[in-house]
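Here are my notes on the model you sent, set out as numbered points. Please read them with the structure open.

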Amino acid sequence: MIADINRYLPFAEALRCALDGERPALSWLVPLLTCAEADAPALYRAAEAVRAAHVGDDVHLRGLIEISNYCRRDCAYCGVRRGHEGVVRYRLSPDEIVETAQHIQALGYRTVVMQSGEDMWFTAERMAEVIRRIKATTDLAVTLSLGERDAETYRQWREAGADRYLLRIETTDPALFAALHPDDDLEERKACLYTLRELGFQLGSGVMVGLPGQTPEILAGDVIWLHELGAEMLGVGPFIPHPATPLGDAAGGTVEATLRLVAVLRLVFPYAHLPATTAMGSLHPQGRERALQAGANVLMPNITPPRVRGHYALYPGKVFPGDDAVAARAQIIAHIDAIGRTVSDGHGHVRRVACQEEMKDAHTE
Ligand code: 5AD
């Protein structure tokens, strides 16, 4: 891998490597991630062809509930970091979470995603009870995005019926990870992902694009690591500086750089589920549509109760669907229809990938 660094392929050859299903390497990932504006349409077209061939035209809709914005962490980029005292903190009650999930099912969604800061009020048992109640009263697939917890907690949540877990690695560069996460540890984050994988969760991870100090080589290294991990859902979005954080004056990521990454991820992970993320839609009015036309196949409409949802402000300018969730869903479906795509009527589980052999290879390299 190191030997590749000074041997980047021309764009057309790099795209050929991707389409041939070659093992991800810097030599072709970097040229794709940094391709010229004139080459980008070919990259997106290739990603779309792979998307259509492997996961079809269906877009999977996931109803997102942001259950709490309390967080024990102080991540440098995040608007709800512990040290940001201007945040109005809220926590939905278990009853309200279960009722919102039931509402999500009534609206026609097949998956509920529960996301929060690292809020230890949600003990292993409290959250397990919420999961059991949702599983007992709905037919929803349950996705959790609740940060780093111990293996026993993850085990209880899986046993309670949770199907999927999302935990972004954010960056795999040790120095950048450490600079961004003063109270966190890259190896612990990785260990959480390995545990989640072993427990049989459908596994989601991802990174932000445009972090200060992030290079194309770092981003390419992230793709290689995510591939070794065997992630089955890949969520990526532009970093959007929040003025009340230490990175408030940073430049932030762009829609264009993020679209290139979305397309590359589709090429490297033909069967994965790739959301067109809210951060994409927040940076550009057509950001999510463009992601869906560069390899993405998932949308996660925010169904957090309107009373609190303005407070889950990870970054400024975050877009929301309208308060009328029925009208919002109809509008989302109309947008999907307008770009010639269909709405999935299933749970949208991912196709599991075999990754153990690759992990072994990775460790011996
Ligand atoms: N800009 C863009 N994305 C952010 N996230 C957190 N803060 C920001 C920001 N300022 C992302 C992280 C996290 C996900 C829930 O939101 O990648 O994992």
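1. What should the 16 residues of helix α3 (residues 40-55) span at 1.5 Å a residue, and how far apart are its end C-alpha atoms? The expected span is 22 Å and the end C-alpha atoms are 22 Å apart, so the two values agree. Bear in mind that this is a predicted model.

2. Burial along α3 takes in Ala40, Leu43, Tyr44, Ala46, Ala47, Val50 and Val55, and also the charged-type entries Glu48 and Arg51. The partners that these buried residues pack against are α1 (11-19), α2 (26-33), β1 (58-61), α10 and α12 (287-292). Just past the end of α3, Gly56 has a positive phi of about 75°.

3. Helix α4 (residues 94-107) can be read in the same manner. Its 14 residues reach 20 Å from first to last C-alpha, close to the 20 Å expected. Ile97, Val98, Thr100, Ala101, Ile104 and Leu107 are buried in α4. An α-helix has 3.6 residues a turn, so residues three or four places apart point the same way. The cover over the buried residues of α4 includes β2 (63-68), β3 (111-116), α5 (124-137) and α14 (325-338). Gly108, just after α4, takes a positive phi of about 110°.

4. Which residue meets Glu96 in a salt bridge? The partner is Arg307, at 2.4 Å from N to O. Arg307 belongs to helix α13 (residues 306-309) and Glu96 to helix α4, so the pair ties together parts that are 211 residues apart in sequence. Arg307 counts as exposed because its relative accessibility is 56%, the cut-off being over 50%. Glu96, at 21%, counts as partly exposed.

5. The structure holds 27 salt bridges. Another of them joins Arg132 and Glu125 at 2.8 Å, N to O. Both ends are partly exposed: Arg132 has a relative accessible area of 34%, and Glu125 one of 43%.

6. Are Arg189 and Asp184 buried or exposed? Both are buried, and their side chains form a salt bridge of 2.9 Å, N to O. The two also take part in a network of salt bridges that links them with Arg72, Arg73, Glu118 and Glu148.

7. Six strands make up an open sheet with parallel pairing, in the order β2-β3-β4-β5-β6-β8. Its edge strands, β2 and β8 (233-234), each pair on one side only. Between β3 and β4 (residues 141-145), which run parallel, there are five bridges. Met114 is placed opposite Leu144 of β4. Helix α8 (residues 186-198) lies across β5 (164-166) and β6 (202-205), and runs at about 155° to β6.

8. Which members of the largest nonpolar core touch the most other members? They are Leu32, Met114, Met127, Leu144 and Trp157, out of 95 residues. Helix α10 (residues 255-268) gives the most to this core, with nine residues. Leaving aside residues up to four places away in sequence, Met127 touches Ile67, Met114, Phe122, Leu144, Leu146 and Trp157. Another core, of 12 residues, lies apart from the largest one and has Cys75, Ala76, Tyr77 and Phe239 among its members.

Definitions and conventions. Residues are numbered from 1 along each chain as its sequence is written. This is a predicted model: local features need pLDDT of at least 70, side-chain atom pairs count only at pLDDT 80 or more; totals for chains, interfaces and linings use all residues. Side-chain values use heavy atoms; hydrogens and water are left out. Helices (H or I, at least four residues) and strands (E, at least two) are DSSP runs, numbered from the N terminus. The expected span of a helix is 1.5 Å times one less than its number of residues. Buried means under 20% relative accessible area, exposed over 50%, partly exposed in between (1.4 Å probe, protein chains only). Contact means heavy atoms within 4.5 Å. A salt bridge is a side-chain nitrogen of Lys or Arg within 4 Å of a carboxyl oxygen of Asp or Glu. A nonpolar core is a set of buried Ala, Val, Leu, Ile, Met, Phe, Trp, Tyr and Cys residues joined through side-chain atoms within 4.5 Å. Two strands pair if DSSP finds at least two bridges between them. Axes are lines fitted to C-alpha atoms, for helices over the stretch in contact, and angles run from 0 to 180 degrees between N-to-C directions.
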